[in-house]
Amino acid sequence: MLRLSASGLGCVRGSRTIFDDINLELSSGEVLALVGPNGSGKSSLLRLVAGLLRESAGRIELGGGAPDQTIGEQAHYLGHLDALKPSLTVAENLAFWVHYLGGNVASLPAALAGLGLGSLAELPAAYLSAGQRRRLSLARLVAVPRPIWLLDEPTSALDAAGQEQLAGLMRQHLSGGGLILAATHGPLGIEARELKLGGTA
Amino acid sequence: MTAFLALLQRDTRLAIRIGGGALMGVLFFLIVVTLVPFAVGPDLAQLRRIGPAILWVGALLASLLTLDRLLAADHEDGSLDLLLMGTTPLELVVLTKAAAHWITSCLPLVIATPLLGLFLNLEPLAIGAVALTLLAGTPALTCIGLIGAALSVALRRGGLLLPLLVLPLTVPVLIFGVAASNAAIAGPTSFGAPFMILCALSLGSLVLGPFAAAAALRHGLE
């Protein structure tokens with residue numbers, strides 16, 4: 001049973017206070033949707049949890065995880081940038097991240113097929129559309145099991161079928177004991193608690 | 001170990017596939033070396049005397065050429081974020097990237113040296129000496145450049161800053177590289193002493209470079 005909690009969290013970027021005193025709590029099988037206007041710090045909060053930014057105040061804790069790993073090492077971060085190399089093929093891009101992040105290479109074809117990319121495996125990533133690039137990024141989350149998913153606008157650029165697939169993947173992840181923290185403007189397609197950033201603070 | 005090999009394979013593959021790594025550096029090296037005789041005149045004795053220095057300066061500039069993309073490319077497309085979230089220590093990640101850069105950018109320069117040495121009327125012994133000193137000295141260039149590449153990512157000032165940061169630090173490598181080559185050709189000092197110092201510079205920067213680069217990247221998180 002995992003429990004991710006943060007208390008009194010603050011974030012300062014370039015001497016500007018993005019947010020302060022954010023509290024959140026999240027257990028296995030739960031989704032927390034971060035909502036708020038543009039610039040309210042949704043992405044910054046995700047990057048803080050991922051360990052890609054430093055908190056200016058407060059702390060983030062993970063109970064029940066691997067004690068010798070940081071939160072970032074147990075989390076997947078799906079940001080606005082898709083970390084794909086245009087000159088590598090779809091399969092090579094995914095294979096690299098699976099090798100690097102320590103997943104099982106045997107799960108690679110299934111992950112690609114699950115997101116409707118099976119027939120594109122040998123195509124250089126340069127030729128993918130925005131939605132297909134998003135699907136390839138999502139395939140990384142499926143191919144390498146990690147308990148925490150940090151999703152920044154996961155539904156952006158996805159078509160209706162893709163959004164349904166994403167909802168299915170999220171449900172599967174939750175039923176396997178994972179937890180999801182997602183920044184979003186639209187509906188995620190699954191039941192989620194909301195944390196409002198900006199405005200009320 | 002898997003992560004190390006995967007990253008090494010990806011970076012070498014990228015450098016070869018885009019054609020920006022190996023081939024561009026060697027072509028630049030070729031152009032620098034062929035330009036010099038036009039500038040100093042076709043005096044064969046003079047070219048033979050300054051040949052090692054020309055080859056070293058050419059290799060130094062050619063190795064800088066691809067350095068600014070070493071970490072910036074991964075920073076821009078978000079790969080660096082994910083590399084940071086792996087279980088591999090950041091020091092090992094940047095060392096691996098430096099190794100891939102050396103294999104794809106510096107090793108081809110060492111291999112091209114014998115041919116370019118012929119252009120400059122160097123004797124076989126001199127060509128061997130220059131190639132050997134380049135082989136021993138280019139790891140220092142890559143590792144010092146690695147620090148500059150990390151700083152330019154962290155400071156968000158792009159590639160222009162990089163040569164300014166890196167070139168002054170490579171001066172000792174240049175001095176001892178050329179000194180060892182000249183000592184092998186003309187004497188009077190022995191080849192051993194400057195060559196040993198060159199090796200020491202490489203080993204030292206091999207240790208220092210990854211730690212300094214990783215520290216610069218971590219600092220850039222704020």
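This is a chat about a predicted model with chains A and B.

Student: Hi! Can we start with the sheet in chain A: what is the strand order?
Tutor: Sure. The open sheet has five strands in the order E5-E6-E7-E3-E8, with parallel pairing.

Student: Which strands are at the edges?
Tutor: Those are E5 and strand E8 (193–196) of chain A, and each of them pairs on one side only. Direction ignored, neighbouring strands of this sheet are turned by 15° against each other on average.

Student: And over how many bridges do E3 and E8 of chain A pair?
Tutor: Over four bridges, in the parallel sense; E3 covers residues 31–35. If you want a spot to click on, A:Ala33 has A:Glu194 in E8(A) as its bridge partner.

Student: Which strands does helix H5 of chain A lie across?
Tutor: Helix H5 (residues 160–175) lies across E3, strand E6 (148–152) and strand E7 (179–183) of chain A. Relative to E7(A), the helix runs at about 140°.

Student: New topic: how many residues does each chain bring to the contact?
Tutor: Chain A gives 24 residues and chain B gives 20. On the side of chain A that touches chain B, strand E5 (75–78) and helix H2 (90–101) are the elements that give two or more residues. H2(A) provides the largest share there, with five residues.

Student: What classes of residue are on that side of chain A?
Tutor: There are 13 nonpolar, seven polar and four charged residues on the side that touches chain B.

Student: Now chain B. At what angle do helices H4 and H7 pack?
Tutor: H4 (residues 69–76) and H7 (residues 124–154) of chain B pack at an angle of about 30°, with axes 8 Å apart. That makes H4(B) roughly parallel to H7(B). The crossing is right-handed.

Student: Which residues meet there?
Tutor: From H4(B) they are B:Leu70, B:Leu71, B:Ala72 and B:His75, and they meet B:Leu146, B:Ala149, B:Ala150, B:Ser152 and B:Val153 in H7(B). By class, this contact has seven nonpolar, two polar and no charged residues.

Student: Last thing: what is the phi of B:Asn121?
Tutor: B:Asn121 has a positive phi of about 65°, although it is not a glycine. Most residues other than glycine have a negative phi. You'll find B:Asn121 in the loop between helix H6 (90–119) and H7 of chain B.

Student: And what about A:Asp21, is that one buried or exposed?
Tutor: A:Asp21 is exposed, because 11 other C-beta atoms lie within 10 Å. This residue sits in strand E2 (residues 16–27) of chain A, and its phi is positive, about 55°.

Methods: Residues numbered from 1 in each chain as written. Chains lettered and ligands numbered in written order. Predicted model: local features only at pLDDT ≥ 70, side-chain atom pairs only at ≥ 80, totals over all residues. Axes fitted to C-alpha atoms, helices over the stretch in contact; angles between N-to-C directions. Parallel < 35°, antiparallel > 145°, perpendicular 65-115°, else oblique. Left-handed = near helix turned anticlockwise from the far one by under 90°. Contact = placed C-beta atoms within 7 Å. Nonpolar A, V, L, I, M, F, W, Y, C, P; charged D, E, K, R; others polar. Pairing = 2+ DSSP bridges. Buried ≥ 20, exposed ≤ 12 C-beta atoms within 10 Å, placed from the backbone.
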